[in-house]
Amino acid sequence: MRFDYFVVPFCAGFGYLIIVLLFTYGRWINELGEGAALKIFKSLLTRKTLLASREVFQECLVHRKVFRVNPLLGYMHMSLALGWFLLIVIGKFEASYFTGEFTNEFYFPIFFRFFELSPHRTFTLQFFNALMDFLLLFILSGVALALYKRFKSSAMGMKNSTKHTSGDKWALALLWMIFPLRLFAESLTAGFAGNGSFLTQPLGNLLGMILPVRMLATPVWWGYSIVLGGFMVALPYSRYMHIPTEILLIFLKNWGIKPKDSISGMAFFELYSCSRCGICIDRCQLNPAINKKNQMVYFLRELRAGNEVTQMAHNCLLCGRCQEICPVGIDLTNLRTISRKQKDNAHIHSSSYPSIPMHSFSTKVLYFAGCMGSLTPGIRKSMETILEVSGEKYLFLDKEKSYCCGRPLKLAGRLAEAEKVSQNIKEAIVSSGANTLVTSCPICYKSFKDDYKCELRVLHHSEYLLELIQGGMISIRSGNKRLVYHDPCELGRKSGIYTQPREILTKLGSLTNVEEAYGKSLCCGGSLGHLTISMEEREQIQKSTAEYLNQDNPDCIATACPLCKKSLTKFSESPVKDIAELIAENLIKSNYKDHKTKKSNLAEAVRIDT
Amino acid sequence: MSEWGFTVIQTNQSDMDQMDRGLIAKIGNAEPSIFWCIGCGSCSATCTAAQFNNFSPRRIIQAIRSGQVKDIMGEVNKCLLCGKCQLVCPRHVNTRNILLNVKQIMGQDAI
């Protein structure tokens, strides 16, 4: 057996890490809830596992999403993750090839050059040796970049980087020390034994000229082992817990496990997967000077530490820009929302959400303007005009009085109350017998689509209007206005509707693109998700977003959300219009009369029937 | 007097002895914009919940400010937090946060 006392710190650290991880993950998996085990078991041997493995390779090792943020930043992460991974795997192969058997002492491949002193002669071993040196160089380049980033993060596309706690800084120091120590340990050994390759051998020879390498080698190997062991002991308590947790998170996500509405089980996997890279900081539109250390990275850190986070949880627009860029893909806005959950016993008074009076006639299409739709009469009226012209029979669900869909309560963390409020609207929708529900408000849309779980088509009006145009129900004049489209948070990032509004707009005029569009789209500042923000700060955001959209002096800014329209109109130089309004303006009403006569005929026929 | 078609209207003066300054102190701290309210009633006019009952954000703000907080809890529970009040407020009062704070403070007291 190959053994030296210096391997003890490494073995102790490794053993400790394994025990802690098993214990922690065991507890969280236990908290996943009923049905989770069955779900995992069912999807274990399906394509989902393969997809998850691919994602683990792409995200945990290659860091594809970080590359998209900045190539240099991506390279830095990849060199450390992929480089270290390959160093371990190829080191194992090298050791196995050398001994001729697959199993050997688990620390042997890591300290291979210490135990195997003879200069390698066969070609294969020389190749392995060179490969290992190359990988070490690859990692060291990443460490050098990481060091550089500490002083100048802007060089890697990050204006602000995370301010770490002292614990994290210690863990970081340990991580950085691992690889230079390995380089020196191997070089010193190569200095007297000649078992190095293109990197370690020349360095070893050089060191041999000025230092007593034979005497220094063992202490440096001791240092390498202690640092490795120390890092593994620090790992579960530092941000490096993300290394093992992220892998598990990706598998669990692909197997269809969803976080519950409390901080337990899956939420812990998400919390501990945060690597505190700080990419989310620059994306936050809340003023960094005022909202110091309130961005997601800090919020998750406080949440993980078990501190009081109510204040922090409320101080967020819930626009989802951070979630869109998060390289780990954590459901960040959900974590904020469920942290807002209140334990008090306040309930919504039942008189606030009376049941909706239903008309007896059945229609295929329901239209729901929503609270915000009611506050923007332009959108409502445009929709009425369009629907009238199209000849579609529809029921305007909240024409007389507006009803709340319940999402504002949900965003405020009052899930049970939101559920209650939504019940009556749900009943009205189901009992109407319609097969399509059209809404003008992306907030209602999100809530109808994801929370109500009704068995009918839920469409945002931009989707529905596109259907009407494509189906030839309405026709529009195309103009040559220069338009810019603003993606509403709830419609774009939260519901994934990006193309339909754009398709309509290209029919209406020429659509110019701005850089911050699609998932990167700015928040208009009117977000219902933030309850405590002052009007001054809100206006700052509204102003900067309006200015940004006006940068190319478009003839009109188009959006698809009443709230965005209201927020942007305040500060925009060019007019801000909803898609429905733009269509209503450019509607060709030549067929309108035909429809009208048809409709009255139909009504007459119905009357005769009854 | 009823023969004349008139009734005596109930007094709406504040009883200074009944004043409870506790709530306004807490809320004024958490959401100072409560002091900017001019009582115009735009919030109550646009309120979603008020279409169906006698809920009035304006009345609640006035009640908190004048320390008449006895029946407020039952009232705030009628709020749906939809945020329309805030959009129409000419004084930029964060009405939603005021009501949320009342819910939180009174809710905690209830426990």
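**Exercise 1.** Starting from A:Arg482, find which residue stands opposite in strand 6 of chain A, and work out how the sheet around this place is ordered.

*Solution.* The residue opposite A:Arg482 in strand 6 of chain A is A:Ser510. This is a predicted model, in which local features need pLDDT of at least 70 and side-chain atom pairs count only at pLDDT 80 or more, while totals for chains, interfaces and linings use all residues. Residues are numbered from 1 along each chain as its sequence is written, with chains lettered from A and ligands numbered from 1 in the order in which they are written.

Next, take the pairing: strand 5 (residues 482-486) and strand 6 of chain A pair in the parallel sense over three bridges, where strands are DSSP runs of E with at least two residues, helices are runs of H or I with at least four, both numbered from the N terminus, and pairing requires at least two bridges found by DSSP.

Then widen the view to the open sheet of four strands in chain A, whose order is 6-5-7-8 with parallel pairing. Its edge strands, each pairing on one side only, are strand 6 (510-512) and strand 8 (576-578) of chain A.

**Exercise 2.** Determine how helix 8 and helix 10 of chain A are oriented to each other.

*Solution.* Helix 8 (residues 166-193) and helix 10 (residues 213-234) of chain A pack at an angle of about 155 degrees, with their axes 8 Å apart; axes are lines fitted to C-alpha atoms, for helices over the stretch in contact, and angles run from 0 to 180 degrees between N-to-C directions. Helix 8 and helix 10 of chain A are therefore roughly antiparallel, a term for angles over 145 degrees, whereas under 35 counts as roughly parallel, 65 to 115 as roughly perpendicular and the rest as oblique.
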